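User: Please go through this structure with me. I want the terms justified, not just used.

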Amino acid sequence: MPLEITWFGHAGFLLQAGAHAVAIDPFLTGNPVAKQRPQDIRCGHIVLTHGHADHLGDTVAIAKANRATVYAAFEITEYLGQQGVEKLEPGNPGGKIKTDFGFVAFTPAFHSSSYDGRYLGMPCGVIVNLGGVTLYHCGDTALFSDMKLLGEIYKPDIACIPIGDRFTMGPELGAKAAEFIRPKVAIPIHYKTWPLLVQDASAFRPQGVEVKLLDPGETWTPSPADRRSSL
Ligand code: NI
Ligand code: MN
């Protein structure tokens with residue numbers, strides 16, 4: 001069953017393969033570039049990189065409406081439990097959770113994580129395996145050399161890399177991250193959402209990695225040739 005990848009704009013995605021749908025960082029309400037509304041989202045699983053409002057987003061509403069399971073840092077799942085979200089899978093960097101669709105793993109990210117003044121644990125990147133495809137969403141992060149190691153271990157087909165600068169890497173450092181991770185395809189994210197962020201991806205030019213630019217709301221189905229295992 002082929003994987004379909006829909007970008008919500010900013011850092012959010014919906015991954016769908018057969019009966020399984022996984023949302024990552026579903027920030028729609030207040031997202032100036034989003035085309036979807038929270039009530040449009042059908043998913044059984046939600047994966048969060050960290051607790052900032054532009055990532056936690058509409059998680060509570062979407063989780064409740066879909067009775068979805070949320071995978072996130074321990075402190076985020078504690079917070080979501082207090083908000084009435086019932087199905088929670090806490091984790092932390094270095095950990096991996098086997099699921100009915102594949103797995104979710106948490107990686108380090110150099111950033112912060114809080115919501116409404118509340119500390120929400122370690123920020124993470126996430127690696128999601130679904131529909132035979134492995135996707136590394138770096139979360140919000142600085143460049144770090146262990147990305148090379150994560151690329152060697154997980155061999156992601158696709159990497160979603162923040163390039164907006166100021167709060168994360170900019171395009172030049174993001175390109176270096178892609179060269180460390182060595183996915184088949186890199187999707188730049190966390191840019192052009194607001195005027196404070198880098199407005200285009202023209203300076204994101206990693207060597208040896210295909211760049212896939214998506215528009216907010218766009219769905220892309222990677223072909224078998226876009227998988228690293230086909231190299
Ligand atoms: Ni953040
Ligand atoms: Mn962010």
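Analyst: The nickel ion (ligand 1) and the manganese ion (ligand 2) are 3.1 Å apart, and D140 coordinates both. The chain parts joined here are distant: H50 lies in the loop between β4 (45–47) and α1 (53–56), D140 in the loop between β12 (133–137) and α4 (146–154), 90 residues apart. Helices (H or I, at least four residues) and strands (E, at least two) are DSSP runs, numbered from the N terminus. This is a predicted model: local features need pLDDT of at least 70, side-chain atom pairs 80 or more, while totals for chains, interfaces and linings use all residues. Residues are numbered from 1 along each chain, chains are lettered from A and ligands numbered from 1 as written, and side-chain values use heavy atoms, without hydrogens and water.

User: What makes H50 a donor residue of the nickel ion (ligand 1)?

Analyst: Donors are N, O and S atoms within 2.8 Å of the metal (3.2 Å for Na, K and Ca); water is not among the atoms, so sites may look incomplete. H50 (NE2), H52 (ND1), H111 (NE2) and D140 (OD) coordinate nickel at 2.2 to 2.3 Å.

User: Why is the site of the nickel ion (ligand 1) called irregular?

Analyst: Four donors are tetrahedral if all angles lie between 85 and 135 degrees; four are square planar and six octahedral if opposite donors are over 155 degrees apart and all others between 65 and 115; anything else is irregular. The four donor atoms here show angles of 89 to 177 degrees, and the site is irregular.

User: Are H50 and D140 buried or exposed?

Analyst: Both are buried, meaning under 20% relative accessible area (exposed is over 50%, partly exposed in between; 1.4 Å probe, protein chains only).
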